[in-house]
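Open your viewer, switch to a cartoon representation and keep the selection panel at hand. We will walk through the model one stop at a time.

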Amino acid sequence: QKVVYNTLLKSLNRTLVEAPQPLAGKESEESKFIFVNTSLKEVAKTFKEVYGIEFTIYDKKIEDCRVNADLENLPMFTKLDLICKSIEASYIINDTTVLLSGEGCD
């Protein structure tokens, strides 16, 4: 996480750093980013465990979308972009939370 100070509004805003890294001691858990028929709900849980960032599935209809991907050793946002493309979803960053949304999957 990082904090940005807005000099005009004289306020602090929390957000995510440009390249989030695994939490200390979690670097070796990159193998968890090999997904085989894994629900998006479980994928989001893996991101939270490894990076310590809250991932919220905004549209519950995509919780059960299945992910098949080998995302080892990629930057976090690249992983997230590839997952979203694979299930036709998108994400936004709200404060320090990643919100996932989409129309659902077939």
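The tour goes from the whole chain to the sheet, then to the helices, the cysteines and one loop residue.

**Stop 1: the whole chain**

Before selecting anything, bear in mind that this is a predicted model. Colour by secondary structure and you should find 2 helices and 7 strands in the protein chain. Followed from the N terminus, these elements come in the order β-β-β-α-β-β-α-β-β. Turn the C-alpha trace along its principal axes, and its extent is about 45 × 35 × 15 Å. Of the 106 residues in the protein chain, 36% are buried. As for contacts between residues at least 6 apart in sequence, 56% of them join residues at least 24 apart.

**Stop 2: the sheet**

Next, select residues 54-57, 89-94 and 97-102, which are β4, β6 and β7. These 3 strands form an open sheet with mixed pairing, in the order β4-β7-β6. Its edge strands are β4 and β6, each of which pairs on one side only. On average, neighbouring strands here are turned by 25° against each other, direction ignored.

Now keep β7 alone. How many of its 6 residues are buried? The count is 5, so strand β7 is largely enclosed by the rest of the structure.

Bring back β4 beside β7. The two strands run parallel and are joined by 4 bridges. Glu54 stands opposite Thr97 of β7, and Ile57 has Leu100 as its bridge partner.

Swap β4 for β6 and look at the other pairing. Here 6 bridges link β6 to β7, and the strands run antiparallel. Asn94 has Thr97 of β7 as its bridge partner. Thr97 is therefore a good residue to label, as it is the bridge partner of Asn94 and also stands opposite Glu54. Zoom in on the turn of this hairpin: 2 residues lie between the strands, and Asp95 takes a positive phi near 65°.

**Stop 3: the two helices**

Select residues 40-51 for α1 and 76-87 for α2. Two packed helices are described by the angle between their axes and the distance between the axes. For α1 and α2 the angle is about 175°, with the axes 12 Å apart. That value makes α1 roughly antiparallel to α2.

Show side chains where the helices meet. From α1, pick Leu40, Val43, Phe47 and Tyr51; they meet Met76, Lys79, Leu80, Ile83 and Ile87 in α2. Sorted by class, this contact holds 8 nonpolar, no polar and 1 charged residues.

With the sheet switched back on, see how each helix sits against the strands. Helix α1 lies across β4 and β7, running at about 165° to β4. Helix α2 lies across β4, β6 and β7, and runs at about 140° to β6.

**Stop 4: the cysteines**

Select Cys65, Cys84 and Cys105 and show them as sticks. Which two are joined by a disulfide? The link runs from Cys65 to Cys105, with the sulfur atoms 2.0 Å apart, and the disulfide count comes to 1. Set a dihedral about the S-S bond and you should get -115°, a left-handed link. Cys65 belongs to the loop between β4 and β5, and Cys105 to the segment after β7, so the disulfide ties together parts that are 40 residues apart in sequence.

Add a surface to see how the two ends are placed. Cys65 is buried, at 0% relative accessibility, whereas Cys105 is partly exposed, with a relative accessible area of 39%.

What about Cys84? Its sulfur is 10 Å from the closest cysteine sulfur, that of Cys65, which is too far for a bond. Cys84 counts as buried, at 5% relative accessibility.

**Stop 5: a loop residue**

For the last stop, select Lys32, in the loop between β2 and β3. Is Lys32 buried or partly exposed? At 33% relative accessibility, Lys32 counts as partly exposed.

Expand the selection to see what lies around this side chain. Beyond its neighbours within four places in sequence, Lys32 is in contact with Thr46, Glu49 and Val50. To finish, draw a distance from the C-alpha atom of Lys32 to that of Asn6: the two residues are 26 apart along the chain, and their C-alpha atoms are separated by 38 Å.

Notes: Residues are numbered from 1 along each chain as its sequence is written. This is a predicted model: local features need pLDDT of at least 70, side-chain atom pairs count only at pLDDT 80 or more; totals for chains, interfaces and linings use all residues. Side-chain values use heavy atoms; hydrogens and water are left out. Buried means under 20% relative accessible area, exposed over 50%, partly exposed in between (1.4 Å probe, protein chains only). Two strands pair if DSSP finds at least two bridges between them. Axes are lines fitted to C-alpha atoms, for helices over the stretch in contact, and angles run from 0 to 180 degrees between N-to-C directions. Angles under 35 degrees count as roughly parallel, over 145 as roughly antiparallel, 65 to 115 as roughly perpendicular and the rest as oblique. Contact means heavy atoms within 4.5 Å. Ala, Val, Leu, Ile, Met, Phe, Trp, Tyr, Cys and Pro count as nonpolar, Asp, Glu, Lys and Arg as charged, and the others, Gly among them, as polar. A disulfide is a pair of cysteine sulfur atoms within 2.5 Å.
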